[in-house]
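Please look over the structure shown here with the report that follows, which takes up one helix pair before turning to the chain as a whole and to single residues.

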Amino acid sequence: MAFERTRASVDRKLEALGLSAKYKMYRLGRGESWCSERRRVLHINQRDADSRMMARQSIDHVVLHELGHVFSYENKAKLGRNAKARRLFGNIYKHYRRNMKPKRNSPDFISTYAQVHPADNFAEVFGVYVHFGGDMKKVGKFLRSGGKSGVVMKQFRWLAGFVKQAG
Ligand SMILES: [Zn+2]
């Protein structure tokens, strides 16, 4: 089943970066994917894999995006007072109310969906970073192919440093 394959591939990527692969994952029949950060429980709707608002159209990315929310929740003490993170992503911890007005794809955001809330900006970058195993050459290639600006590359470089000392 595709879900098990996703789990295996996502866990391999997390472990390669020294990140925890401890989480529960349930299939969601309707509604958007979401997670309980505190309980490390993901509810994943396969349909979200097709969303063109996300950085990558894949179910792995949806899972890694949700795990990005878990990661920022668990690192709140350090991330919350990190001025550079705030400059790069915005206030990840501000009240979670998304701005769902239609948006254009912007070179300064990893994806269209990254523009709905700073927490999603972070989760989108996290998902792509883990997908490429922290390989900045691959990240750079991906960003260039998507016409992304240096702003987005700076987010990745910062995250690389942060994941190394958090993991
Ligand atoms: Zn999200």
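## The packing of α2 against α5

In this predicted model, helix α2, which covers residues 59–74, packs against helix α5, covering residues 118–131, at an angle of about 120°, and the axes of the two helices lie 7 Å apart. Because the angle has that value, α2 counts as oblique to α5, and the crossing of the two helices is right-handed.

On the α2 side, the residues that take part are Asp60, His61, Leu64, His65, Gly68, His69, Phe71 and Ser72, and they meet Ala119, Phe122, Ala123, Glu124, Phe126, Gly127, Val130 and His131 of α5. Sorted by character, the residues of this contact divide into 7 nonpolar, 7 polar and 2 charged.

## The chain as a whole

The chain holds 7 helices and 3 strands, and their order along the sequence gives the pattern α-β-β-β-α-α-α-α-α-α. Its radius of gyration is 15 Å, close to the 15 Å that the globule rule gives for 167 residues, so the chain is as compact as a globular protein of that length.

Along the principal axes, the C-alpha trace spans about 40 × 35 × 35 Å, and 34% of the 167 residues count as buried. If one considers the contacts between residues at least 6 apart in sequence, 55% of them join residues that are at least 24 apart.

## Arg5 in helix α1

Arg5 belongs to helix α1, which runs over residues 2–16. Is this residue buried or exposed? Arg5 is exposed, because 11 other C-beta atoms lie within 10 Å, and a residue with 12 or fewer such neighbours falls in that class.

A pair of positions links this part of the sequence to a later one: Arg5 and Met136 are 131 residues apart in sequence, and the distance between them in space, taken from C-alpha to C-alpha, is 25 Å.

## Arg40 between two strands

Arg40 sits in the loop that joins β2 (34–36) to β3 (41–44). Its phi is near 55°, which is a positive value in a residue other than glycine. As background to that value, most residues other than glycine have a negative phi.

As for its surroundings, Arg40 has 17 C-beta neighbours inside 10 Å and therefore counts as partly exposed, since the buried class begins at 20 and the exposed class ends at 12.

Key
Residues numbered from 1 in each chain as written. Predicted model: local features only at pLDDT ≥ 70, side-chain atom pairs only at ≥ 80, totals over all residues. Axes fitted to C-alpha atoms, helices over the stretch in contact; angles between N-to-C directions. Helix = DSSP H or I, 4+ residues; strand = E, 2+ residues; numbered from the N terminus. Parallel < 35°, antiparallel > 145°, perpendicular 65-115°, else oblique. Left-handed = near helix turned anticlockwise from the far one by under 90°. Contact = placed C-beta atoms within 7 Å. Nonpolar A, V, L, I, M, F, W, Y, C, P; charged D, E, K, R; others polar. Rg over C-alpha atoms; globule rule 2.2 N^0.38 Å.
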